[in-house]
Amino acid sequence: MSAEKKTLESRLLRGAHKTLTGLTPALESVLAAIIGLFIGALVMWLWGYDPIVAYKAMLLGAFGSKWGLADAGAIAAPLVLTALSFSICLRAGMFNIGAEGQLLMAGLATVCAGFFVLPPILHHAVAILFAMSAGAIWSMGPALLKLTRGVHEVISTIMFNWIANFLSLFLIGAFLINDFSADQTIAIPSSAVFSKIMRGTDLTYAIFVAIAFALIVYFVLWHTAIGYEVRAAGLNPSAARYGGIRNKRTLFLAFVLSGVSAGLAATTILMGSSAIHSMYRAHGQLLHVGFDGMAVAMVGRNHPIGILFSAMFFGGLSAGGRLMQLSPNPVPVQMVRLVMGVIVFTMAIPELVRIFPAIVNGTSGFIDRLRRLVSRTGRRRST
Amino acid sequence: MILALIGFTLSGMVPITLTAVGEIIGETAGLFNIGLEGILLLSAFAGALGATAYGPLMGILIGMGVGALISLLFAIVCTYWKGTQMVAGIGINLIALGFVEFGLIRFSSSAGSFPIPDSSQLFRWITPLGLMSPIVLIALILPFFAYWFLKRTRAGLILKAAGEKPEAADVAGINVNLVRLTAAVVGGALAGLGGAYMSVAWFGFVSKGMSGGRGFIALAAVVFSGLNPILALLGGLLFGFFRSLGLWIDTLIPGFPIPAEFLQMLPYVVTLLVVSGAIGRVRFPKALGAPYKRE
């Protein structure tokens with residue numbers, strides 16, 4: 001009866017945060033991706049688009065040329081960071097969906113750092129520091145509410161996202177608005193902007209921020225005592241407590257680290273891949289990057305290295321999707337988010353690989369039965 | 001003026017209350033769905049399309065059907081296939097966001113919003129409180145009915161058994177998974193009604209941001225109520241009030257010193273405050289979130 005002793009939270013997360021390495025988890029991710037793409041194709045087909053042409057345009061757009069690949073990398077960079085933000089907390093057994101709000105706050109901080117007049121490398125560092133701190137501070141709110149009042153982080157982080165949304169609207173309108181174009185903030189000066197790696201694409205040196213942070217998170221989580229405590233807190237909170245791990249401190253740390261990660265994501269967009277180096281008033285570039293990060297994290301099995309690969313996959317879908325929009329078969333790029341959602345939904349099923357044949361059998365059996373029923377009624381009608 | 005505020009509150013309370021009551025039914029049976037936000041959005045979209053094509057009543061029904069269907073899918077994944085409820089719920093939210101954005105472009109050629117013609121919107125009564133949809137009345141009565149159903153009927157007891165002690169329910173000859181599936185369908189239909197109400201009977205349009213965190217506020221109302229539908233109604237009214245207050249001040253008192261953004265923030269801040277005050281006295285079903293496995 002061990003199931004009864006588990007807390008509500010560990011029940012809700014059933015193993016989603018456990019260490020998963022080896023072939024089966026990777027296979028599950030691939031299978032989930034295929035199911036997601038299939039459902040995406042189904043919706044496209046139902047709505048009068050040609051899914052095969054669309055996917056072809058998408059794949060060619062993303063992986064067919066080095067420019068496409070570079071754009072995929074540019075989109076992947078912030079996704080890696082928001083995915084890490086989600087994963088760090090999930091590893092600690094918490095479901096932190098606050099990256100959206102932390103991203104906005106960090107974005108504002110990045111814009112503010114643009115006020116300084118500094119030489120390039122130093123300016124980058126200051127802006128990144130600003131963004132990291134803003135993300136961390138904004139994630140402390142839900143952390144404190146959880147640790148002192150027991151408010152579940154799903155509720156508190158979403159509320160913080162909305163508060164951040166309106167706070168940012170106010171702050172941009174009141175203090176940071178660009179005098180020359182009213183739909184964006186003042187621009188980040190070029191001394192704090194990452195330069196492009198490849199001309200004609202969005203790929204900037206910001207991608208190394210993402211890769212470096214992923215490696216750091218990997219090192220911290222798997223090769224330091226603190227990381228061990230974080231993972232132990234996620235795997236079995238009560239055992240970790242008996243083992244002398246100070247749970248509250250660990251959880252707080254996980255929250256802060258995930259805020260830092262979300263903050264970095266804002267810099268890779270605003271100082272990197274974004275077409276304009278200022279924040280849109282309606283948050284255009286930063287919108288939904290936090291949520292998309294969750295899909296990336298799930299497919300990457302909440303492992304930093306896995307996340308690098310899955311971010312590249314989703315970055316490719318989005319980069320190819322942009323080209324697909326312009327093709328004669330103009331499927332909107334928002335389709336990618338639908339595919340992401342289906343993938344996450346599918347990833348909720350544990351042992352997908354084991355169950356999948358049974359699901360297929362069941363469905364085909366059902367269709368068979370349906371077909372027999374239809375043919376029988378058809379025959380009856382004809383006689 | 002005060003009457004208008006009451007009217008705003010009542011219309012604003014509906015989606016939160018309906019969704020919260022639906023979630024209470026689901027959670028009583030052991031399913032914790034954080035995809036409510038997505039269900040609201042999807043059913044608002046489906047309801048709008050249905051209403052434009054077949055009239056308002058069909059729109060509402062289609063919205064309810066879509067809500068029930070998604071909830072059923074969630075329940076199948078989380079009972080028979082032993083899925084992780086948090087992850088499945090978040091998946092629903094993402095699907096809804098992508099699907100509705102995609103659909104808005106497909107059906108209204110702009111990612112902004114899809115207006116519903118006046119003739120396809122559900123009728124509203126003209127009352128001293130302003131225009132009122134009949135669904136407001138449903139949302140006011142339903143929590144009491146749900147309370148009676150959950151606490152006083154045999155079916156309510158069966159739901160509770162499936163959520164509290166599925167082993168015992170199983171031994172008593174109750175099909176735990178089937179009970180959970182039924183609860184999810186009913187709960188999803190209620191959330192779907194809330195969503196369809198938003199588009200077909202309240203706003204008169206669909207946009208991708210229209211659910212506005214209401215699904216999560218409903219979740220907060222459920223936590224605050226401790227699975228008591230009547231308290232959830234109270235929560236719904238409270239959040240509806242604070243959401244309306246900003247709108248009311250903004251439209252009726254020009255030159256109010258507090259910026260509009262802070263007034264819009266109010267319902268979310270209040271949600272946080274209420275929930276952080278409510279924790280501790282709330283007790284959830286023992287098997288909430290755990291798929292039932294025979295041993």
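Select helix 6 and helix 8 of chain A (helices being DSSP runs of H or I, at least four residues, numbered from the N terminus): Glu100(A), Gly101(A), Leu104(A), Met105(A), Leu108(A) and Val111(A) of helix 6 meet Phe160(A), Asn161(A), Ala164(A), Asn165(A), Ser168(A), Leu171(A) and Leu176(A) of helix 8. Contact requires C-beta atoms, placed from the backbone, within 7 Å. By class, this contact has 8 nonpolar, 4 polar and 1 charged residues; Ala, Val, Leu, Ile, Met, Phe, Trp, Tyr, Cys and Pro count as nonpolar, Asp, Glu, Lys and Arg as charged, and the others, Gly among them, as polar.

The model is predicted: local features need pLDDT of at least 70, side-chain atom pairs pLDDT 80 or more, while totals for chains, interfaces and linings use all residues. Residues are numbered from 1 along each chain as its sequence is written, with chains lettered from A and ligands numbered from 1 in the order in which they are written.

Next, display the axes of helix 6 (residues 99-113) and helix 8 (residues 153-176) of chain A, which come within 7 Å and cross at roughly 20°. Axes are lines fitted to C-alpha atoms, for helices over the stretch in contact, and angles run from 0 to 180 degrees between N-to-C directions. Helix 6 of chain A and helix 8 of chain A are therefore roughly parallel (angles under 35 degrees).

Now select chain B where 46 of its residues are in contact with 48 residues of chain A. Helix 4 (85-108), helix 9 (214-225) and helix 11 (260-278) of chain B each give two or more residues to this side; helix 4 of chain B gives the most, with 16 residues.

Technical notes
Contact = placed C-beta atoms within 7 Å. Parallel < 35°, antiparallel > 145°, perpendicular 65-115°, else oblique.
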